[in-house]
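Student: I can follow the overall picture, but I lose the thread when I look at one place. Please pick one buried residue of the sheet and show me what surrounds it, starting from the fold as a whole.

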Amino acid sequence: MSATQLLNLRVDEGAPLQVLIRPCVDAVFVAVTDMGKVGTVVRVFRHPVGPGDDTYDVRTVLGKRSDSEGGDIGAETLLARQLQAALAHGDKRSVILSVALERELTVAMMRVLLEEITLRLNAAAGVESAAGLS
């Protein structure tokens, strides 16, 4: 298990994002903020159902639930799910993601975050990054 990492990322013209990455024994905690707050927290569990085939259980722990009324999946949920999928194969830890932004979490921002976070997590685990936002 590696140490906590704190990043300041400039992903667009807005304020830099503060990203905290804290690997733990049973989970990886990631906080993304430009407000210095916790915000919406989601947790993702990966369940293998066959060789190379996984399902994902995403739960809102705290904050807004964008998909509760049959609406579109929230950006936080999508980013958390993509982070879980990008963890090295066989990594059984869940992903806990906190997002508190004054602006909308865009696909471009998610790409940068996904790349930067998985690069650091997999480097700490000694694995090459295979991140990609579908």
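**From the sheet to R46**

Tutor: The protein chain has two helices and six strands. Keep in mind throughout that this is a predicted model. Read along the sequence, the elements come in the pattern β-β-β-β-β-α-β-α, and 38% of the 134 residues count as buried. Among the contacts in the protein chain with a separation of 6 or more, 52% are between residues 24 or more positions apart. The protein chain exposes about 7,500 Å², of which carbon and sulfur atoms supply 51%.

Start with the sheet. The six strands form an open sheet in the order 1-2-3-6-4-5, and the pairing is mixed. Strand 1 (5-9) and strand 5 (53-62) each have a single partner strand and stand at the edges, so one side of each has no neighbour in the sheet. From one strand to the next, the twist averages 20°. As background, strands of a sheet pair through backbone hydrogen bonds, and the pairing is either parallel or antiparallel.

Now go through the sheet from the strand 1 edge. Strand 1 pairs with strand 2 in the antiparallel sense over five bridges, and L9 stands opposite L17 of strand 2. Strand 2 (residues 17-23) has alternating side chains: L17, V19, I21 and P23 point to one face and are buried. The side chains of Q18, L20 and R22 point to the other face and are not buried. Strand 2 is also antiparallel to strand 3, with six bridges between them. A hairpin with three residues joins these two strands, and P23 has V28 of strand 3 as its bridge partner.

The next pair runs in the parallel sense: strand 3 (residues 27-33) and strand 6 (residues 94-100) share seven bridges. In this pair, T33 stands opposite A100. In the order of the sheet, strand 6 is followed by strand 4 and then strand 5. Strand 4 and strand 5 pair in the antiparallel sense over nine bridges. At their hairpin, G50 has D53 of strand 5 as its bridge partner. Two residues lie between the strands there, and G52 takes a positive phi near 70°.

That brings us to the residue for the close look, R46, which is in strand 4 (residues 40-50). R46 counts as buried because its relative accessible area is 17% and the cut-off for buried is under 20%. Leaving out residues up to four places away in sequence, R46 touches D54, T55, Y56, Q84, A85, L87, A88 and D91. V58 is twelve residues from R46 in sequence, and their C-alpha atoms are 8.9 Å apart.

Q84 deserves a separate look. The side chain of R46 reaches the backbone oxygen of Q84 at 2.4 Å. Q84 is one of the buried residues of helix 1, along with E76, T77, L79, A80, Q82, L83 and A86. Helix 1 (residues 75-86) has twelve residues and spans 16 Å from its first C-alpha to its last, close to the 16 Å expected at 1.5 Å a residue.

D91 is another residue that R46 touches. D91 lies in the loop between helix 1 and strand 6. D91 is buried too, because its relative accessible area is 17% and that is under the 20% limit. In sequence D91 and R46 are 45 residues apart, while their C-alpha atoms are 9.1 Å apart in space. Again leaving out residues up to four places away in sequence, D91 touches R46 and Q84. The side chain of D91 also forms a polar contact of 2.8 Å with the side chain of R93.

To put the close look together: R46 sits in strand 4, its side chain reaches the backbone oxygen of Q84, and Q84 is buried in helix 1. D91, in the loop after that helix and before strand 6, touches both R46 and Q84.

Notes:
Residues numbered from 1 in each chain as written. Predicted model: local features only at pLDDT ≥ 70, side-chain atom pairs only at ≥ 80, totals over all residues. Heavy atoms only, no water. Pairing = 2+ DSSP bridges. Helix = DSSP H or I, 4+ residues; strand = E, 2+ residues; numbered from the N terminus. Axes fitted to C-alpha atoms, helices over the stretch in contact; angles between N-to-C directions. Expected span 1.5 Å × (residues − 1). Buried < 20%, exposed > 50% of the residue type's maximum accessible area, 1.4 Å probe, protein only. Contact = heavy atoms within 4.5 Å. Areas by Shrake-Rupley, 256 points an atom, 1.4 Å probe, with all protein chains shown as cover. Polar contact = N/O pair within 3.5 Å; in protein donor to acceptor, adjacent residues only side chain to side chain.
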